[in-house]
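Please find below my notes on the model, set out as numbered points. They are best read with the coordinates open alongside.

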Amino acid sequence: MANIIERIGKPTLLMSHNKTLAAQLYSELKNFFPDNAVEYFVSYFDYYQPEAYIPRSDTYIEKDSSVNDEIERLRLSTMGSLITREDVIVVASVSCIYGLGSPEDYQNMMLPVRAGDELDREEFLAGLVSLMFERNDIAFSRGQFRVRGDVVEVHPAYLEDTAIRVEFFGDEVERISEIDALTGNRIDILDSHTFFPAKQFVTDKDKLNQAIHDIKKECAERVNWFEEKGKLIEAQRIRMRTDFDIEMMQEMGFCQGIENYSRHLTGRDPGARPYTLLDFFPDDYLLLMDESHVSVPQVGGMFEGDKSRKTTLVDHGFRLPSALDNRPLKFAEFMEVTGRRVYVSATPGPFEFINSRPDNKKYIPWKRGELSAAQALKKIRKHIHTSGADEDIDDFDVHAAGTNLVVEQIIRPTGLLDPILTLKPLKGQIDTTIDMCRARVEKNERILVTTLTKKTAEDLSEYLQETGLRVRYIHSDVGAIERVEILRSLRAAEIDVLVGINLLREGLDLPEVSLVCILDADKEGFLRNETALIQTAGRAARHVDGECVIFCDVVTDSIQALIDITEYRRARQLEHNEKHGITPQGVVRAVQESLSQHQSNKETADELNQGLVASDQESYNVVNVISELEEEMREAAAKLEFERAAHLRDQIKQLQQEIEK
């Protein structure tokens, strides 16, 4: 992906299906492109309870949220970079298809200041207020400014630890400096600086006045409609809610839930698609969809869920009908506003294959059941270009608009082959699994076993432990931090066998695992479909002696698809290895340090679960430890190390509970 970005040289959007993976991609791309504007755009809510109404119990749930200031800063930085720079790479979640303010309004409201310009101080302050900055001469933080005579210090919401000092001499800008926001010490002298809006939803005064006029008109029409239907409570409710919001916008320029009026604020027609982050990109930008077999359906599922909740609010007078236009993009709209797309996945779905055929110039919908991924792959195999480890994609013209192509990058430079597939009967699958596990343990190798239910995973783990194997299980009821610890302990040989269900798939990189056992593989369904089987078997693809054992009595279509793709990939890799004289080599990767801090000489499995914070000294000040951990937690969050931050949070809670006891 990094090479494609470099070759095309255009602003790029890299979409990921979850925040944690997005954070990893963001960190890696910053290392690949140190001179580019690599940005991070995900939902800025640590906690979000959407506004909702439950008619059956007459329960109204008010919107409640907790905004992560650091992520909000990164979002604002993204918007600013896209408007002012060409070398932008944005790593984003599905949040990028949700409504934002108009990029035109955002750009028009920018406030450029240059040293030597004639500019009245009061005019400058008024400009900052129009950009939604707040004046605070005491507690100076992001999105605020303070005034000290002819010196104005502004802390832009998109800057982390620095602020901008603008010094006036009469009606002239005498000097512009970059300063440390905490100490006020000067860092650098600037020739100019452009201030961006402090909020994501902004509009100029004329548009705001017009929007208020349109909102009043819609409210009057809605009140009349409710009264004609005899719904007097709903009529009174929408009138009071709208009047209050209008007063807040007139006095403060902002109101709670202002995004619900985005259609009026941006001047869009009813039903028109909202402005999103995609509108901040130029027309020729590149879209990379990582793990596309997950991210594509995720984009397609956002609209209907949002519509269902808001329709109930509109029908009962909590919101105006225009609130329905504050929504994520429909899938067809998403496809219209994205031009060059690269789907990246080890298991692409039928949609990706169908829409990557060279003879297709327009987006083709796909309905479940029409064509499997394996069937789609067979249909277009002749169009596939396979890229070797030492060859360039010479016939892939990345600059040609409208070029559709499927590229298989299945050749590993290490020469590693896809795991050997072995089919065994269901009868005696547990005893067979135990024997195979013991053989691998003797060679200091690790094993993954996948089951169909949580109960089976737990019972099997207990049974395997009784046979003398060191086993743990992992499923959705196991906390995220504990999952990380369990995976680390598997790599560190503290356990030998890991039993799981659906978590042993995408993104799991365990080089020490040489054997994957898939129990009840012929029970066709979500956990045993083509994608699930390929992804699960791939966990053994990092080991030279990788093997996947499939327990089944019937070879289902999904199992056959796994067999076909594995044989094809092994044949291509073997051919490449023989041609270049490559001997397969296993992946070697250091085991990460444990997130837990254990008491010395007590590194047992129980401690691994509890993750206690302890001191090597006989006594220590718990309050001081909590204070230090809170500081580490904030630093981890600022570095987007969410798993470590969450682990530190759990440790803090545990210590606080000890104090209360």
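1. In this predicted model, strand β1 (residues 12-15) pairs with strand β16 (residues 286-290) in the parallel sense, over 4 bridges, and within that pairing Met15 has Met289 of β16 as its bridge partner. Strand β1 is also joined by 4 bridges to strand β7 (residues 88-92), again with the two running parallel, and here the bridge partner of Thr12 is Ile89 in β7.

2. The side chains of β1 deserve a look from both directions, since Thr12 and Leu14 point one way from the strand while Leu13 and Met15 point the other way, and all of them are buried.

3. A further sheet is open and consists of 6 strands in the order β9-β10-β11-β12-β13-β14, with mixed pairing. Its edges are taken by β9 (134-135) and β14 (186-190), each of which has a single partner strand, so that one side of each is left without a neighbour in the sheet.

4. Within this sheet, strand β11 (residues 151-155) and strand β12 (residues 162-169) are paired in the antiparallel sense through 4 bridges, and Val154 stands opposite Ile164 of β12. Strand β12 is in turn joined by 8 bridges to strand β13 (residues 172-180), with the two running antiparallel, and Phe169 is found opposite Glu172 in β13.

5. Two turns are worth checking for their backbone angles. The hairpin of β12 and β13 has 2 residues between the strands, and in it Gly170 adopts a positive phi near 70°. The hairpin formed by β13 and β14 has 5 residues between its strands, and Gly184 in that turn shows a positive phi of about 85°; these two strands run antiparallel and are joined by 4 bridges, with Ile189 in β14 as the bridge partner of Ser177.

6. For anyone assigning charges, a negative surface patch is formed by Asp117, Glu118, Asp120, Glu123, Asp150, Asp171, Glu172 and Glu174. One of its members, Asp117, lies in the loop between β8 (111-114) and α5 (121-130), and it counts as partly exposed because its relative accessibility is 35%. Another member, Glu172, is the residue that stands opposite Phe169 across the β12 and β13 pairing.

7. Is Leu82, in helix α3 (residues 69-84), buried or exposed? Leu82 is buried, because its relative accessible area is 8%, which falls under the 20% cut-off for that class. The C-alpha atoms of Leu82 and Ala37 are separated by 8.9 Å, although the two residues are 45 residues apart along the chain.

Technical notes. Residues numbered from 1 in each chain as written. Predicted model: local features only at pLDDT ≥ 70, side-chain atom pairs only at ≥ 80, totals over all residues. Heavy atoms only, no water. Patch = residues over 30% accessible without salt bridge, like charges linked within 9 Å, V, L, I, M, F, W, Y side chains within 5 Å. Areas by Shrake-Rupley, 256 points an atom, 1.4 Å probe, with all protein chains shown as cover. Salt bridge = Lys/Arg side-chain N within 4 Å of Asp/Glu carboxyl O. Lys, Arg positive; Asp, Glu negative; His and termini not counted. Charge placed at Lys NZ, Arg CZ, Asp CG, Glu CD. Buried < 20%, exposed > 50% of the residue type's maximum accessible area, 1.4 Å probe, protein only. Pairing = 2+ DSSP bridges.
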